[in-house]
Amino acid sequence: MPQRPAILFVVDPLDELKAYKDSSIAMMRELARRGHGVWACTTADLHWSSAGSGARVAGRARSLAIKPGAPAGKGAWFEASGSELRALAGFDAVLMRKDPPFDTEFLYATFLLEAAQRDGARVFNDPRALRDHNEKFAISEFAEFSVPTLVTRSADLLREFRSEQRDIVVKPLDGMGGASIFRLGPDDPNLNVILETVTETGRRTVMAQRYIPEIRDGDKRVLVIGGAAVPFSLARVPKPGESRGNLAVGGIGRAQPLSPRDQAIAAALGPTLAGRGLLLVGLDVIGDYLTEINVTSPTCFVEIATQTGFDVAAMFVDSLEAALAQ
């Protein structure tokens, strides 16, 4: 009997994943449905060693039996075997799906995954590309699609930028989930203290962008898989009195067809990013403007599929299988 293709997910602890909405679980379910073997480990389970029979990257991973349609309770969506120490190159693919923050340990994990590539592992998204594409600063390569933007840790430059643009948003380059995002209007009396806080008095680099009023209609997540856009976005609509649409801070997710501008941005960026080994990318678009390029563990598969019927996980696995066949 032929051995099933084995796919390793490098993820957060399995009990922390939420089965009712997690995109990694949606991927696992589709892979299992097609007969792939699904394995999982955390970044803490990875190591490189040159002792013994040769240098290699290995991980202590568990084989998972995925329960389709299982209840959303903690751990109810899978059964796991005991852990095995396996070389990453022994898997047909390794999917790096560790959630941000992109901290020092995340960086070290990309080093390990790049070493695994030298062993012959197929890693998605490419670990070097993960390092090269800061999810906020990556828009600098595609500035023609964005609003006026400033990256600095100088409070003086930020004050000048606010004076020019009148209404701005300031956020740390390593932020996630809407954390530490500040809107600074033309007469905000807290300007100085906010700039001191977000830049840690000049010790932390931040991004400032002109405020986009269309945030009221949602911060759209446009998924790009293998260079091609999913035909629906998920607009994260801010709750009343809020200027952030992130689901983590109470935004409401509303799936909708891509606008012509969404399609144009995805078509311009998709092939370039896919060519760098970024199999899955999440573009954040507010109104007509690109604001972020998410590459670490883009999500929203389940919300889009539930609301529109479009099977995002199937599109992803189609693209993964095509990449592995090359």
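**Helix H2, the H1–H8 crossing and Asn294**

The buried residues of helix H2 are covered by elements that include strands E3 (46-49), E4 (56-66), E7 (93-96) and E8 (123-124) and helix H3 (127-132). Here, helices (H or I, at least four residues) and strands (E, at least two) are DSSP runs, numbered from the N terminus; buried means under 20% relative accessible area, with exposed over 50% and partly exposed in between (1.4 Å probe, protein chains only). The model is predicted, with local features needing pLDDT of at least 70 and side-chain atom pairs counting only at pLDDT 80 or more, while totals for chains, interfaces and linings use all residues. Residues are numbered from 1 along each chain as its sequence is written, and side-chain values use heavy atoms, leaving out hydrogens and water.

The buried positions in H2 are Phe106, Ala109, Thr110, Leu113, Glu114, Ala115 and Ala116. Just after H2 comes Gly120, with a positive phi near 115°.

Turning to a helix pair, Ala26, Met27, Glu30 and Leu31 of H1 meet Ala313, Ala314, Phe316, Val317 and Leu320 of H8 (contact: heavy atoms within 4.5 Å). These residues divide into eight nonpolar, no polar and one charged, where Ala, Val, Leu, Ile, Met, Phe, Trp, Tyr, Cys and Pro count as nonpolar, Asp, Glu, Lys and Arg as charged, and the others, Gly among them, as polar.

Finally, Asn294 lies in strand E18 (residues 289-294) and is buried, with a relative accessible area of 9%. Not counting residues up to four places away in sequence, Asn294 touches Glu135, Arg221, Leu280, Val281, Gly282 and Asp284.
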